[in-house]
Every structure is written in structure tokens, then in C-alpha cells.
Amino acid sequence: MFERILVAVDGSEGSKKALRLAANLQQTCGSELMILTVFRHHSLLEASMSMVRPDEPESLDDSMRAYAKQVAEDAKTIAAEAGAEKVRAFVKAGQPARTIVKFGEEHKADLIIVGSRGQGDMQGFLLGSVSHKVTSLAAAPVMVV
């Protein structure tokens, strides 16, 4: 039925619920499961400061990228514990909804699964309206959990 399933995670309970469903569906279909965590840089001031202080290890981008990697690795562990096989985790920077859709297109995802609510703007991950935007922009079917 589905050869490649993409699930977007941000560490929220909603995305973990979507991940568990994706893991179960992956087992049923024998498909590949791709986990994607998207982080977004919000502050123009921080962006300009990171250009001035490129060697500073604790820039906002570095911190958010490190957090996103941890979220992706945790998600990969959750999926494996749920019995999923053929699982890969990815981290991308960008506008969440468009990045999810573009990643899905580039990796030929047959299905995109997202949680109905993410962590919100303060965390810099899947924004509250991301699931709605993904359903509007994606050519592939989208399941909102």
C-alpha cells in the first residue's frame, strides 16, 4: 500500500502519537519509515549575531539543531521499540510545513503523517498550523493524528 511513510515529529505528545501510528502502519505495509524533525530560526537579530560570532558554539542555531537531533534520535528509538524496521531519522532547518512537504516530495513519500498539534512557536518546531498547511500543500495523502 505505502512504500515510504514520512512522519514529522517535534517531541510533543501529539507527534509521538503520530509516530507510534506510523510505526504500526510501517509494519503492516513493510514500508520504509522516515522521521523528520524541522527546526526554524526565528530571530533576525540572532541570525545577524551568529554572523558576527560564527565561532560561538552556543549560537541559537547550534542549540536548536542539537535539540532537533535529539528529538529525531528519540523518535527513532520510540519507533524501534514499537517494532518498526527500516527507520531513518532526518533533521532539516526551514519553515516547518514547506520543509515537510518538500522533503516528502524529494524522498517520494507515499504518505505523510503529522500530529494535530505541535510544541508551538516557542520551541521553534512544528507550529500550531503546520498540520493544516501540510494538508494544503502536499500532493501525497496526509494523515493528521
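Which residue in β2 is the bridge partner of R4? In this predicted model, the partner is E32, and that pair is a good way into the strand at the heart of this report.

## Strand β2 and its neighbours

Strand β2 covers residues 32–39. On one side of the story is strand β1, residues 4–8, which runs parallel to β2 and is joined to it by five bridges. Strand β3, residues 87–93, also pairs with β2 in the parallel sense, this time over seven bridges. Within that second pairing, L33 has V87 of β3 as its bridge partner. Here are the two pairings, laid out for quick reference:

| Strand paired with β2 | Residues | Bridges | Sense |
|---|---|---|---|
| β1 | residues 4–8 | five bridges | parallel |
| β3 | residues 87–93 | seven bridges | parallel |

How much of β2 is covered? Eight of its eight residues are buried. In a regular strand, side chains alternate between the two faces of the sheet. The strand here can be read in just those terms: E32, M34, L36 and V38 point one way from β2, while L33, I35, T37 and F39 point the other way. Both sets are buried.

## A closer look at T37

T37 is one of the residues of β2, and its relative accessible area is 0%. Buried means under 20%, so T37 counts as buried. What does its side chain meet? A polar atom of the T37 side chain lies 3.4 Å from the backbone oxygen of V9.

## Helix α1

Between the topics of strands and helices sits a shared motif: β1, helix α1 (residues 13–29) and β2 form a β-α-β unit, and the unit is right-handed.

Helix α1 also packs against helix α3, which spans residues 60–81. Their axes are 9 Å apart and the packing angle is about 45 degrees. Why are the two helices called oblique to each other? Angles under 35 degrees would count as roughly parallel and 65 to 115 as roughly perpendicular, so about 45 degrees makes α1 and α3 oblique. The crossing of α1 past α3 is right-handed.

One residue of α1 deserves a mention of its own, namely N24. Is N24 buried, partly exposed or exposed? With a relative accessible area of 44%, N24 is partly exposed. N24 and A84 are 60 residues apart in sequence, yet their C-alpha atoms are 7.0 Å apart in space.

Methods: Residues numbered from 1 in each chain as written. Predicted model: local features only at pLDDT ≥ 70, side-chain atom pairs only at ≥ 80, totals over all residues. Heavy atoms only, no water. Helix = DSSP H or I, 4+ residues; strand = E, 2+ residues; numbered from the N terminus. Buried < 20%, exposed > 50% of the residue type's maximum accessible area, 1.4 Å probe, protein only. Polar contact = N/O pair within 3.5 Å; in protein donor to acceptor, adjacent residues only side chain to side chain. Pairing = 2+ DSSP bridges. Right-handed = clockwise from strand over helix to strand, strands pointing away. Axes fitted to C-alpha atoms, helices over the stretch in contact; angles between N-to-C directions. Parallel < 35°, antiparallel > 145°, perpendicular 65-115°, else oblique. Left-handed = near helix turned anticlockwise from the far one by under 90°.
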